[in-house]
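User: Could you walk me through this protein model? I would like to start with its surface and then go inside.

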Amino acid sequence: MLLRLSLCVGALFTLVTANGSIPTVTITNSSSSIHQLSSDPEFAFVLETFLSLSNGGGAATGEVLRAASQIKPGDMESFYKEFKFLADQISDQATSVNATRFPVSAREAHFRASTYYRAADFFLHGNASDPRIQTLWSSVLDHYDTAVKLLPEPPQQVELDGGRFKIPVYFYSAPKSSPANVTSTKGNRLPTILVGSGFDAAQQDSYHQIGKEILARGWNFVTYEGPGQPTVRRDSNIGFIPDWWSAVTPVVDWLRTRDDVDADRIALAGVSFGGQLAPLAATREHRLAAVLAIDGMLDLQESTLQKFPQQVRQLYRSGNATAFDAVVWEAYKKLSSTQLKWGLDQGLWSFNTTSPFEWMTKMGEMALNQSMLDKITCPVFVASGEDDGLAPGQPERMARMLGDKAHYHLFKTNVGAGEHCAIGAEPQLALATLNWLDEVFENQTSRSY
């Protein structure tokens with residue numbers, strides 16, 4: 001899933017691209033560009049993200065549309081109730097199938113049940129002690145892991161040592177019959193794409209979002225999670241960390257020991273907040289052939305603070321944590337916006353704090369600046385959505401700051417790809433990012449920064 005804290009924020013940005021042209025990029029951020037499945041803007045967006053997983057077998061359109069029709073706008077318990085009901089029904093279907101006779105039927109039902117249990121959990125994090133946060137997640141993993149074991153080539157699951165936390169990893173091998181496997185000049189060593197999620201997403205989503213597209217191109221596909229993300233947040237009780245390379249470098253170390261990975265062609269992709277996390281890791285991890293920032297982000301704190309009134313921003317910058325927290329909590333009690341309530345709920349949960357001031361401060365510690373981006377040693381694909389209101393202008397700024405290392409791509413609204421991270425237009429996302437990545441891999445030996 002993906003984070004979006006605001007809508008209807010208009011902005012105009014000018015970008016100098018790597019080839020010297022100067023296009024004008026209008027970010028419209030209109031809430032009406034995609035048909036809305038709820039009158040509640042946040043519910044509409046989250047429903048859209050779950051519906052989009054249908055493109056990769058993680059959901060079914062009729063099932064999600066039925067749930068959407070029953071959910072009461074603004075009622076978070078209603079969102080939980082309808083998706084929990086749906087998840088239980090599909091779970092029953094999954095377990096009733098003879099997996100020996102028809103593994104595909106069982107597998108696809110288990111995938112969808114896993115997704116719907118995740119949807120049921122999505123709006124529960126305002127109460128960190130809610131037992132459903134753990135029980136639903138157990139169901140997510142049980143169904144997903146059952147599903148992947150029924151794939152023709154099941155992934156390898158490992159847990160790597162990140163020091164103060166464990167890093168859960170899924171390694172999906174490229175299909176043995178793929179052209180890349182057949183024509184590889186390095187035997188079994190193949191290009192490998194390591195994909196990380198963001199502020200609220202699970203690595204299980206990545207398989208449906210882009211993983212199947214990566215595997216179809218004959219490359220290895222790998223997912224991981226770090227602190228603040230679903231499994232690590234629950235199992236290690238640790239929130240997001242500024243040294244994100246601590247979550248990536250152990251995975252790269254492990255990948256480089258494998259005889260089926262081309263160590264010179266490992267790319268790191270980050271989705272949503274991962275569009276900041278992946279470049280952040282690459283400022284220290286220099287063995288990557290490429291980075292994909294989908295969408296590019298420099299500073300989540302900056303974009304979040306912009307949603308607050310000026311007086312509250314000034315109060316935060318004064319350093320008065322007690323006063324800032326008091327003002328935010330008082331405003332929270334009066335909020336009618338599901339979007340803003342969820343943003344604070346998820347922010348505090350994923351950063352493992354009860355203080356809005358501490359949450360804001362921790363986000364700031366993860367910001368990217370020019371000197372940090374200068375340390376990245378590989379080409380970077382910087383994606384931007386024409387209708388993406390999460391961090392308006394930040395993808396364009398990132399591309400300018402990266403200079404010749406950047407390849408900027410704007411996903412367009414008029415073909416249904418302008419949402420945050422091209423949600424719902426996953427084939428377009430795969431076409432643009434993976435075609436570029438293939439060229440990078442082909443030219444990798446001639447690139448030097």
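User: How much area does the protein expose, and what share of it do carbon and sulfur atoms supply?

Analyst: Happy to! This is a predicted model, where local features need pLDDT of at least 70, side-chain atom pairs count only at pLDDT 80 or more, and totals for chains, interfaces and linings use all residues. Residues are numbered from 1 along each chain as its sequence is written, and side-chain values use heavy atoms, with hydrogens and water left out. Accessible areas come from the Shrake-Rupley method with a 1.4 Å probe, and for residues only the protein chains shown count as cover. The protein exposes about 17300 Å², and the share from carbon and sulfur atoms is 50%.

User: What percentage of the residues is buried?

Analyst: Buried means under 20% relative accessible area, exposed over 50%, and partly exposed in between (1.4 Å probe, protein chains only). Of the 449 residues in the protein, the buried ones make up 59%.

User: Why is strand 5 described as largely enclosed?

Analyst: Strands are DSSP runs of E with at least two residues, helices are runs of H or I with at least four, and both are numbered from the N terminus. Strand 5 covers residues 190–196, and it is largely enclosed by the rest of the structure because the number of its seven residues that are buried is seven.

User: Which strands pair with strand 5?

Analyst: Two strands pair if DSSP finds at least two bridges between them. One parallel pairing runs over six bridges to strand 7 (residues 261–271), where V195 has A269 as its bridge partner. The other parallel pairing runs over five bridges, and there L194 is bridged to V222. The partners of strand 5 are thus strand 7 and strand 6.

User: Through which helix does the chain cross from strand 5 to strand 6?

Analyst: The β-α-β crossover is right-handed, meaning that, with the strands pointing away from the viewer, the path from the first strand over the helix to the second runs clockwise. The connecting element spans residues 203–216 and is helix 7.

User: Is F240 buried or exposed, and which residue 110 places away along the chain has its C-alpha 6.6 Å from that of F240?

Analyst: F240 lies in the loop between helix 8 (230–236) and helix 9 (245–255). With a relative accessible area of 5%, F240 is buried. Leaving aside neighbours within four places in sequence, its contacts (heavy atoms within 4.5 Å) include F199, F273 and M366. The residue with its C-alpha at 6.6 Å is S350.
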